[in-house]
Amino acid sequence: MNRARHARLGLAVAAAGALSIAGLSGTAQAADVNNAKNAGFESGLGNWTCSGGSGATVSSPVHGGTAALKATPAGSDNAQCAQTVAVQPNSTYTLSAWVQGSYVYLGASGTGTTDVSTWTPGTGSGYAQLTTTFKTGASTTSVQIYTHGWYGQPAYYADDISVYGPDGGGGGDPAPTVPAAPGSLAVGSVSSSSVNLSWGAVSGARGYNVYQGGAKVQSVTGSSATVTGLSASTSYQFQVTATNAAGESAKSAAVTGTTSASGGNPPSGGGTVPKHAVTGYWQNFNNGATVQKISDVPANYDIIAVAFADATTTPGAVSFTLDSAGLGGYTVDQFKADIAAKHAAGKSVVISIGGQNGTISVSDSASANNFATSVYSLMQTYGFDGVDIDLENGLNSTYMTQALKSIAAKGGAKTVITMAPQTIDMQSPSNEYFKTALNIKDILTVVNMQYYNSGSMNGCDGNVYSQGTVDFLTALACIQLQGGLDPSQVGLGVPASTSGAGSGYVSPSVVNAALDCLTKGTSCGTFKPSKTYPTLRGAMTWSTNWDAKSGNAWSNAVGPHVHALP
C-alpha cells in the first residue's frame, strides 16, 4: 500500500503547434496505408529500438493480436521505443497508438515542420488511444515515431501503433478492414440499477461500443460489459458494435434487459459498520513496525484491513497465508479466534487485496469469477467480513464491478467492501477506480483514498493543493463528494506516523481539522467546501502497527474525534 512512493510529476508536453488535419487529396488519399512496421509487436521488437534495454514484448495485456510492447522507465531513462518510418514530403499523417499505464507519451520527430507529441496521465487498467497528426516538410522522406513513459514511473504498454497517410515506400502493416457486427449478444445478471451484457468476440476487432436505446454509453476492449446507472424495474434495449482502426461495424441485433425491483443493501454498505468509522491496516509481515496480533489492535478501530492477500497462478484468484514465523509464532487458530472476538466487539475485519507489490489482474469474466470465488472462500475460512481493494497497478472497472457484486451477493447484506485508491485514481469520475466505486455504490462501504505518497493534486475547485495540509484533505475529498459518492462512503486515508509513508504525513490534529471542515464547516484552511457533509464516514490509517510503534498516538486522537462526529 503506502510502502510505494508515488510522486505526481509536473510534466510538460511539447507544443503541437497549428496542425493541419485536412484530408489528403487526389491519389494520395486513395493510397493511405499504415507506414509503421511491426505495428502490433507480433514480431517481437523487430523494427523498434528501445532505450537502455527498457523494452520487451509480452502476451498480456494486449490490445489486439497476441503481443504488445512493455517498456519500463528507470530513474534516468524514460523507456523510449522508436522506429524510423518512410514518408512522402508535403503530406499529412495520422499517428495513433493504444497505450496502457501512467504518463505515456506518443510523438513524431524529424517531420520537417512542427514535431508533435501527445500524452495521457493515466489510462486506468485498460488500453486508451492516443492520436495526433503531423505534416511533413518539402524534403522529408522519413520521420521518427516514438512512445515513452516518464522517469521512475511504472512500466507502460503500447500496441497497434499506426502512421496512416500516403505510402512512403518503406512498407508497413496492411490496413485493417472494418470488423463484422458482434453476434450472440445476451443479457446476463441484472440488479436494480445495472445490466450485464456479453457477446461473441469479433475477429480483427480492437474494441466494442455499447449502445443503450440507440445512444453509445460505454466502450470496452473485452466481450462483456456492465451498464450501470439504470432505474429499477425498467426495460432497456441494448446493441453492440465492434471497432478497430478502420472504423466501426454495424450494430448488433438488439436485446432487451429489465432491471430488478429496488431494494438490497443501504448505500453505505456493511451492516455492522458504525455511522462514523475508523479503518486501520494490519500488517501480516514485519517491516520494523510493532508486530501485532489482531487482538492487539485498539478498540478505536472499527474496520481492520488485513494486509495482504497473495496472487496465485490462477488469473484473478487470491490466497492468504498467515506469516506465523514473522509474527512471533502467531497461529492460524489464534488468528481466527481473534477475528471472532473482534466480531463479538462489533468490529469488522476484511482481507485487503493489493498493496505496492500486489499485482492481481481482474481483466475478463473468468478472472472476475476467480477473484470473487477465492475472496469468498477466504471469508468463509477465516471469518473475514468482506474485502478491501488496494490495487496500485490499476484495475478494470467492468470486471472489478462484476467481481465485487458477486462477492456481495455471496456474502449477503452485511458484506463490507472498502477501497484505498491513490490520489491520482480519484481525480475524475472517468478514472477506472472512481468508476468502480460508483458502479458498486449500492454495496460500497467506504473509499479511504490515500492522501500521501502523492505530491500536489487538483482539488474540486480546480486549484492545485500540496499534500500534508488541511486543504489537500478537504479539497480532494470534495471531488469524491461532488462526483457521486455518498458522504458515508468517503474517508480520509493518512499515515499513522512519518514512518508509515514516504511523504504526506499530517498530525492527528490536521486530520481532525479536515473532518470538522467537511462535516461542520469549521477548522477549514483556505479551501472551504460549498456545503457540509455530516455523514462523512471517517478516517483510515496505514497502519495499526505503525500507530502502535508511536504509542497509538494516531488512534487515540483521531478515533474519539471520528466517533464524536455529528
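This passage walks through a few strands of the structure and then looks at one residue, V350.

The model is predicted, so local features need pLDDT of at least 70 and side-chain atom pairs count only at pLDDT 80 or more, while totals for chains, interfaces and linings use all residues. Residues are numbered from 1 along each chain as its sequence is written, and side-chain values use heavy atoms, with hydrogens and water left out.

A good place to start is an open sheet of 5 strands, which runs in the order β2-β5-β10-β7-β8 with antiparallel pairing. At its edges lie β2 (49-50) and β8 (116-120), each of which pairs on one side only. Here strands are DSSP runs (E, at least two residues), numbered from the N terminus, and two strands pair if DSSP finds at least two bridges between them. Within this sheet, β7 (residues 104-109) and β10 (residues 142-148) are antiparallel partners over 5 bridges, and Y105 faces H148 in β10.

Another pair to look for is β12 (residues 186-190) with β13 (residues 195-198), antiparallel over 3 bridges. A hairpin of 4 residues links β12 to β13, and V187 is found opposite L197 in β13.

Finally, V350 sits in strand β24 (residues 348-355). Is V350 buried or exposed? With a relative accessible area of 0%, V350 is buried, a term that means under 20% relative accessible area (1.4 Å probe, protein chains only). Leaving aside neighbours within four places in sequence, V350 is in contact with several residues, including I303, V306, F384, V387 and V416; contact means heavy atoms within 4.5 Å. By C-alpha positions, V350 and F527 are 34 Å apart in space and 177 residues apart in sequence.

Notes: Buried < 20%, exposed > 50% of the residue type's maximum accessible area, 1.4 Å probe, protein only.
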